[in-house]
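Student: I'd like to learn how to read the features of a protein model, one at a time. Please take me through them.

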Amino acid sequence: MTRKNRFILSAFVIIAIAGAIIWFSQRKIKKLEVVNVKQEVPVDSTAILWYKNSIIYSLDVEVFKDSDADGTGDFKGLISKLPYLDSLGITAIWLSPFNPTPNKDDGYDITDYYDVDKRLGSLSDFDAFVAAAKKDSIKVIMDLVVNHTSNEISWFKEAEKDTSSVYHNWYLWSKEQPENYDTGMIFPGVQTETWTFDTIAKEYYYHRFYDFQPDLNMQYLPVQREVKKIMKFWLDRGVNGFRLDAVPFIIEVPEKKGEKFEHQFNLLTEMREYVSSIDKEAIILGEANVAPSETKNYFGEEEDRMHMMFNFYVNQHMFYALATGEAKPLANALQSTKDIPKEAEWGQFLRNHDEVDLGRLTEKERNTVYKKFGPRKYMQLYDRGIRRRLAPMLNNNIDHLKLAYNLLFSLPSTPVMRYGDEIGMGDNLKLKERLAVRTPMQWDDSKNAGFSVSDTVVRPVINSYPYGYDRVNVKDEKQDSTSFLNWNIKMVALRKECPEISFGQWEILDSNSDQCLAIHYQWEDQELLVVHNLSDEDQEVSVAAENLKKGKLKNLENQKNISPSHGSFNFKLKPYGYRWLRVVTE
């Protein structure tokens, strides 16, 4: 080999070694950076995890407070009630849809994703609301409804008018009636098909929900880009996240036969990445009523999909526990949904704007809940649920109501409260389907419950015994120190004093009673035990002291201590009773 060739070879070797060193060092730096990022996100200090330590309050602007006497709630009215929401201690508001709409499905049929329904105000009014909420340190989460649109939106009108239009592919079509046209309905008993013939396009279009809500084709890139534009528009206006409606149907890939479809989970990853690129603290709260075995797909193995999801599985078993007084089914449901990513969180609720969905209970369990909480057929809905508010379901039993809310505040999750439930509002079963639980907020005993001075209102105010606004309203309960409202305010404050629930590890302990649920939390140097008696009889509770740190248990409500006796903490719980107990050292 010549000297020249040896020189060239040596140069190549040196360059290769240098390249390898640089590649290895960069790889090592990147790996260290990832580790350091995780170390710099302690659960007790980061603003990024605000959703794990929040109380979310859901409301519909349309029925909350009317400011201009037209009979419909609006953003100016909502702004006027922010002091009340602040006094509750809530940390985030979840807004039902407020976009322009024909209102055939209470706002979930949208015709313009970039504006506010004129009945509710203007974009300026929305901006003023967000600014006022932030002044009170209240975050804003808005409904993002992109599984379907209204059939009156310009996109669909263009799509059906001209099959060669760029918008035609924004929806799902079939020239022939699909084999599965009458399967997969979201509203059985009300809905009869999922593929409907369009007389203008002369084709069938797909709709998981009502026929006036055609599904968007989320597999189509232009639609995905439009959804991101919508997200950016509202994030730029100051919202702190989205409650993503009907998640499984957003990501499914519909076929013209069969019932079970493939899901594009990568869409959730892309949504999260996009939202985080605009605001790293913004969240996506998913509505996905799925089995426990499927939850990892929605949260993401790498914590890269939903920040939060509603825990429908636990909700259904919680109602079974409230109906039967049995703790084990609820304990099993909690264990089944325990394994989620560290930075993910469940959103737990008692009631929401829909029916109490009991579809994941066995038929025997479902009938047991029906018998207790919805015995009449008109109280039930869609062959799977109950369309009543919480107070009527629990027969307005204040102790049972307090137990239910105590569960909400103390389960391993972020509590989501439904407007009006904090004062024990009732329902109006004369209204169709889910509107029964969507009546105007009851502020006082004046005309229309203080919701509006108009002679006609968007929805009837409840005025019949025992839930009429002359008996159940914010003003009266505020003035009564023993009211359900003031009890809820105290419980929200108590929940905030217990970061173990937000950030800690938890386990279910043996309470020595089949009717009692005992949950033990640990976080840093703090330890909490919450015990619930689900039955209508006294229960003797015994929890082994070896499961807790050595010391005493302090009752956080009356500050009294309980000392162990013969190796156990022993105490009695009255019917529907509960205890919040912090472990304190000798």
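**Reading the model, feature by feature**

Tutor: Let's start with a single residue: Asn396 has a relative accessibility of 35%, so it counts as partly exposed. The cut-offs are under 20% for buried and over 50% for exposed, with partly exposed in between (1.4 Å probe, protein chains only). Before going on, note that this is a predicted model: local features need pLDDT of at least 70, side-chain atom pairs count only at pLDDT 80 or more, and totals for chains, interfaces and linings use all residues. Residues are numbered from 1 along each chain as its sequence is written, and side-chain values use heavy atoms, with hydrogens and water left out.

Student: Okay. What is the sign of phi at Asn396?

Tutor: The usual picture first: most residues other than glycine have a negative phi, and most peptide bonds are trans. Asn396 isn't a glycine, yet its phi is positive, about 55°. Asn396 sits in the loop between α13 and α14. Those labels come from DSSP runs, numbered from the N terminus: helices are H or I with at least four residues, strands are E with at least two.

Student: And Asn395: is it buried or exposed?

Tutor: Asn395 is exposed, at a relative accessible area of 66%. Asn395 lies in the loop between α13 (390-393) and α14 (398-410), and its phi is also positive, about 55°, although it is not a glycine.

Student: Which residues does the cis peptide bond join?

Tutor: Tyr465 and Pro466, with omega at about 0°. For the address, look in the loop between β16 (414-418) and α15 (474-479), where you'll find Pro466.

Student: Let's zoom out. How many helices and strands does the chain have?

Tutor: There are 17 helices and 24 strands. The chain's radius of gyration is 27 Å, close to the 25 Å from the globule rule for 586 residues, so it is as compact as a globular protein of that length. That radius is taken over C-alpha atoms, and the rule is 2.2 Å times the number of residues to the power 0.38. Along the principal axes, the C-alpha trace spans about 95 × 70 × 50 Å.

Student: What share of the residues is buried?

Tutor: Of the 586 residues, 58% are buried. Contacts tell you about the fold as well: taking those with a separation of 6 or more, 68% are between residues 24 or more positions apart. A contact here means heavy atoms within 4.5 Å.

Student: So what should I look for inside?

Tutor: In soluble globular proteins, nonpolar side chains tend to be buried together. In this chain, the largest nonpolar core has 134 residues, and Tyr57, Leu85, Leu95 and Trp580 have the most contacts inside it. Helix α10 (residues 312-324) gives the most to this core, namely eight residues. A core, by the way, is a set of buried Ala, Val, Leu, Ile, Met, Phe, Trp, Tyr and Cys residues joined through side-chain atoms within 4.5 Å.

Student: What is Leu95 in contact with?

Tutor: Leaving aside neighbours within four places in sequence, its partners include Leu59, Val61, Phe75, Phe126 and Asp143. There's also a second, separate core of 16 residues, with Val531, Leu553, Ile562 and Leu581 among them.

Student: Where is Met306 found?

Tutor: In the loop between α9 (295-299) and β11 (308-310). At 1% relative accessibility, Met306 counts as buried. Beyond four places in sequence, Met306 contacts residues including Leu244, Leu268, Arg272 and Phe299.

Student: And polar residues? Is Asn217 buried or exposed?

Tutor: Asn217 is buried, with a relative accessible area of 12%. The residue lies in the loop between β6 (203-206) and α6 (221-236), and its contacts beyond four places in sequence are Asn169, Trp170, Tyr171, Leu172 and Val223.

Student: One last case: where is Lys256 placed?

Tutor: Lys256 is in the loop between β8 (252-253) and β9 (262-263), and it is partly exposed at 42% relative accessible area. Sequence distance and space distance are worth reading side by side: Lys256 and Glu179 are 77 residues apart along the chain, while their C-alpha atoms are separated by 6.1 Å. Glu179 is also one of the contacts of Lys256 beyond four places in sequence, along with Trp173, Ser174, Pro178, Asn180 and Trp195.
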